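User: Could you take a close look at one interface for me, and then carry on to whatever connects with it? To start, what area is buried between chain A and chain B, and what share of it do carbon and sulfur atoms give?

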Amino acid sequence: MFYYILRRLASAAAMIVLITATTFAIFFASPIDPARYTCGKNCTPTILEGNRKALGYDQPATVQYVKFISGLFVGRDFPDNEQLRTEHPEQIVHCPAPCLGYSANQHRTINEMVAEGWPISLSVAIGAFTLWMLIGVGGGLIAALNKGRWPDRTIVGSALIGFSLPTFFVGLVLLTFPAIKWGWVPIPNFVPFFENPWEWARNLILPWITLAFFFAASYVRLTRAYMIETMSEDYIRTARAKGVATTAVVMRHGLRAALTPIVTAAGLDLGGLLGGAIITESVFSLHGLGYLAVRSVTNMDLPTIVAMVMIVATFIVIANLIVDVAYSFIDPRVKLVS
Amino acid sequence: MSQASAVGGRDGAVDQVAGAVAEIAGRTPWQITRARLAKDKVTMVAMGAALFFIVLALLAPVLTHFGLLDPYSNHTDLVGGLGSLPKGPLGGVSPEHWMGVEPGTGRDIFSRVVSGLTVSLIVATLAVTVSVILGTVIGIVSGTAGGRVDWLFSRITDFVLSFPQTLMLIALSTIVIDMLQSALNMERTVPSMIFMILVMGFFGWPIFARVIRGQVLSLKQREFIEAAHSLGAGRARIYFKELLPHLWAPILVYTTLVMPQNIATEAALGFLGVGIQAPTPSFGSILNDSVHYATSDPAYFIFPGVTLFLVVLSFNLLGDGLRDALDPKADRQ
Amino acid sequence: MKRTQIVAGVATTLALGLALTACGSSPTATSTAGGATSGAAAGGAAGGTLHILSGTATEHWDPQRVYVGVNIEYGNRMFTRTLTTFGPVAKDGEPATLIADAATDTGTVSADGKEWKFTIKDGVKWEDGQAVKCEDFKYGISRTFAVDVITGGPNYAIQYLDIPKNDDGSSKYAGPYKKTGQDLYDKAVTCDGNTITFKMAKPSGDFNMAATMTAFGAFREDKDQGEKSNYAIFSNGPYKLEGSWTANKGATFVRNENWDPATDGFRKAYPDKIVWDESLTQETMYERIIADQGDDKNAIAMDQAPVTAMANVTSAEGRYTVVASPYTRYMVPNYKSKVFSNDKAREALALATDRSAYVTAAGGDQVVKATNSLINPALPAFPNTPLLAGEKGDAAKAKEALQASGLTLPVKINVAYRKNDTLDKAFAGLKAGWDAAGFQTNLIGIPAEQYYGTLQSPESATKYDAYWAGWGADFPSASTVIPQLLDSRSQISAGGPGQDYGYFDNDEFNAGIDKAMALTGAEGDKAWGALDTEVVTKHFGVIPLINDQFVFAHGSNVEGAVVNTTFTGYYDIANVSVKK
């Protein structure tokens, strides 16, 4: 068991290293000159060269990669210039470990930007997750138990509609009508949870519904499919034959078995969302990690793009890891295989 | 329900009906599928709708050539006022302009939506084709080879799945489209379509690889593979002649499920201003503009939005229906 | 300047300015109607919190790096006092007068025009109580010369001051961090008690207008952290930063107790607090202001309404205004391209240009007008050059010219423009017009953040045949338009075309510029106007397209919101107050 976890950890770590290296390679091997976008108007070749040196872009990709990795552990200084450090130390920006880089485009360290965006993405993800699990699993359960009858058809029909509506469409309709035109809820503007939980929720309810719309639909279908499959298993029939109450049959035997793959999928989806729900954040102008990612692309802010891709991929790897390890605890068969 | 003929192809065994010794002809999976589909009215409607959209998309360039559709001409007389909004109700709906006209230019929205359908469907179809080809090849190789090769490909699959598709699409867009534009020396339309096809196709193959690999693993145990081996059949022959016929079912199902996702992804990316952009009509580029008019000219947003919804819905319904029809376990109660 | 920036418009433009606003506002509404600005300067209530909404992220607050109208306006009125400035006006679009701000008067110039003196008022203090000294102004202005750190700002200091240049055009003074050539700067700018003296490189009658830019503001040497000072606002005006600035979000500003209203002739500083919010998009911010709910009643827009919001804005009775924008949008043919080095080809492009499509795409003729002059109508030098071929252009005549050029039709051209929804549509129409004349136009939309950088990079000369561009005068003088855009001597260098994106290079024309520079008043205006007409109708070096108007709005509790078209072209915050 222990060795299984250890192996998975090592594998995850290796994966993360591979991801960072690949992302770095893709973006720094691109023909676009990252220094060009750090220089505003009135950009002369001298300034460009200066920026390039200060940000380390004149060095080969491997050197830059090593610097990036070491920065993750010990922090970095921008501009990395000895002379400046002695003469004008107040002009050096120190980026503490784990340093994700410096965005000359935004004049701040990427750590700062991520630290700002992270609570927002987390809030959006958690709220939506709760909502969609309740609705999705609950709805799927009801549908499965009423298979063929009208509750099933309605739920499946609604799920299909929810699944087919584009997220930005739903988001926009919600923003335009309940928020702007009718004023039922304020136009979303992030209020930190610890500042005012009620306002936090009120402002996030629309993004939560928008995200949950799609995922709930997906999970209704998933839950219904797994439940139907599980409920048709022989051991369920046996339990029923033995006289176990229906609720107990459903919840204790049926749902528990079906829940495992559902929770697996949910864990992975949540992991992906923690990196920022790009569309939802854009529609509602919430400045989370997804919004940060999109903005860094529009601004050709290469260091931030790279950092964002790495962060999101890392979340996914870690979610995979957690889900796998949890699965191994829940499902005894896994231990045997490994 | 317990008639022999209704049971899936797995066990075409004879069923004892007291006394009757009627000729029990086992049905091929294809016949079973067809029968199930015929009973499923909803899926038949969805299939009809999907086919309708595909035909419309294919015809659009022809119709444009003959002047029946006109996505590019300005009709500045049809818009006016502060902000150049369409004159007339519902965003300028009229007998010549079934979905109204575009603010700022007066272009016919119906023509633009249909042309956009063409672009979106081309991109989605080619992307899923790339995914199918890549995924099937990798799945077959992985499944049949086993051992180290299988392990390697599984790790690669995990690796690709770790990258967030939407984010990678956004992040790579400017760079790759620029490169393609300079390499091909064309204006933006075709390079941006190629980009979407390649990148969506690339991030889509893991699904197919996993499914195909699973199928291959279960098929590997069957006698006909062993038989082919012992008859001296080469690897390629095994892969393609023996295995493929059994794989079309999951390929078809997942294709019809991935298609609408690709259409939706293209639309979402266009909405963000990435990928296919104006003036090329595509759901994404049209909605990217119409989004801003949500309060002042809602028709401009609703018409394309609803069309997109219907296209995605019909493919989703079709995919669901196909999956149910092809699933051997579906009839069990 | 190209982006949302300051503006022109002086005395004799009164008629022109009001005429423009009048014809733009048929759905009743300069803010005078709703009583929002009548007698603005007078009655305003102190107190309350003003909310400023913006849909554009602020790049710099560092005074020497600010080059965007919104930031110049807000920066100057709230925390960066300059020697001189343009005072607030009573009605939208009224021309403003040059007044003294931190100085005792608008400066004295020597007879030969090469020396300017200003005396700094007593009692002007920084937010920490220390007095604003002459040395602070001297130090602040010197930072412009540190071109590798202090990027983004205007380089008028480098142009005006009498400091020799290197062969490549850069100044011999490298700024206060490197201190190379510090002695040269110390000779050009001297402090004697509280009197600061500037030595000009050439006779300059309008230096005291240039001094209104925040780049000529004071900066405390002990607070200078170079790049890190970008958002670290240190105030000598009525408001100071509370906490710190969050990029893409904004900050709150509170009163600066060390600001003495007695030293300030025009800032009323009514609100107790000012909250700046730039986290929204332009569309959302206008939706909120129009909806006028809750805190948005105290909100004012520091960004013009996008085309999509214009129709809705009219429902905000008495709270919106339509004013002339300081910009002219125009096409620049690239003289270095194979196509447009040919005179007849440029003529064909000019004749085939369909401005009506642009007008419609940008919001209709209530807010957009076709033009054939580079100079904005608000400046007295505006020559009102007649259109060559009517508003729709003349495809037939253009085709003749193109055939006469000797190039094989269809002539393929790559046209670049700054990508946004409005220009996508405008250029679809322009392309149709050009293609009808025998061109084959390939449109390339370049994202806003990279746009001017791309135009100014030397590789672009081989990639594009024509560009879209926009320009607004930095201060009310045509000398900030024609030479900035067409004087090859100051613009074109090894590093690129500067602002002369098309590499227009004509010796006779340059001589004409020198002559016009030496003239003043109406004579100068005529000379600039003639140059404008010459480059448009004789050389076809630029093709002016349109002048647009800005639509602004504010909440119902906001009073005193008047647009100052002379100074930046945005709402002038100096007299804005919030009703209780």
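Analyst: Between chain A and chain B about 3400 Å² is buried, and carbon and sulfur atoms give 83% of that. On chain A's part of it, A:S164, A:F168 and A:F169 supply 16%, more than any other three residues. Buried area here is the accessible area (1.4 Å probe) that two parts lose on being put together, summed over both.

Some ground rules: this is a predicted model, so local features need pLDDT of at least 70 and side-chain atom pairs count only at pLDDT 80 or more, while totals for chains, interfaces and linings use all residues. Residues are numbered from 1 along each chain as its sequence is written, chains are lettered from A and ligands numbered from 1 in the order written, and side-chain values use heavy atoms, with hydrogens and water left out.

Counting contacts (heavy atoms within 4.5 Å), 38 residues of chain A meet 39 residues of chain B. There is one salt bridge (a side-chain nitrogen of Lys or Arg within 4 Å of a carboxyl oxygen of Asp or Glu) between the two chains. A:R221 pairs with B:D320, with 2.7 Å between the closest N and O atoms. Polar contacts come to two residue pairs, both residues at pLDDT 80 or more. For that term, N or O atoms must be within 3.5 Å; within protein, one must be able to donate a hydrogen and the other to accept it, and residues adjacent in sequence count only if both atoms are side-chain atoms.

Which elements of chain A give two or more residues to this side? They are α1 (2-28), α6 (150-164), α7, α8 (197-231), α11 (278-283), α12 and α13 (302-330). The residues split into 29 nonpolar, six polar and three charged. Nonpolar covers Ala, Val, Leu, Ile, Met, Phe, Trp, Tyr, Cys and Pro, charged covers Asp, Glu, Lys and Arg, and the others, Gly among them, are polar. Helices (H or I, at least four residues) and strands (E, at least two) are DSSP runs numbered from the N terminus.

Now swap the partner to chain C. Here 26 residues of chain A touch 37 of chain C. About 2800 Å² is buried, with carbon and sulfur atoms giving 48%. The salt-bridge rule finds zero across this interface, and three residue pairs are in polar contact, both residues at pLDDT 80 or more. On chain A's side, α2 (45-55) and α12 (289-298) each supply at least two residues. α2(A) gives the most, with three. This side divides into ten nonpolar, ten polar and six charged residues.

Chain A's α7 turns up again here, this time facing a helix of chain C. The buried residues of α7(C) pack against α7 (167-181) of chain A, plus β1 (49-53), β11 (299-301), α8 (307-313) and β18 (543-553) of chain C. Eight of the ten residues of α7(C), residues 282-291, are buried, so this helix is largely enclosed by the rest of the structure. Among them are C:M285, C:Y286 and C:R288. Buried means under 20% relative accessible area, exposed over 50%, and partly exposed in between (1.4 Å probe, protein chains only). Just past the helix, C:D292 takes a positive phi of about 55°.
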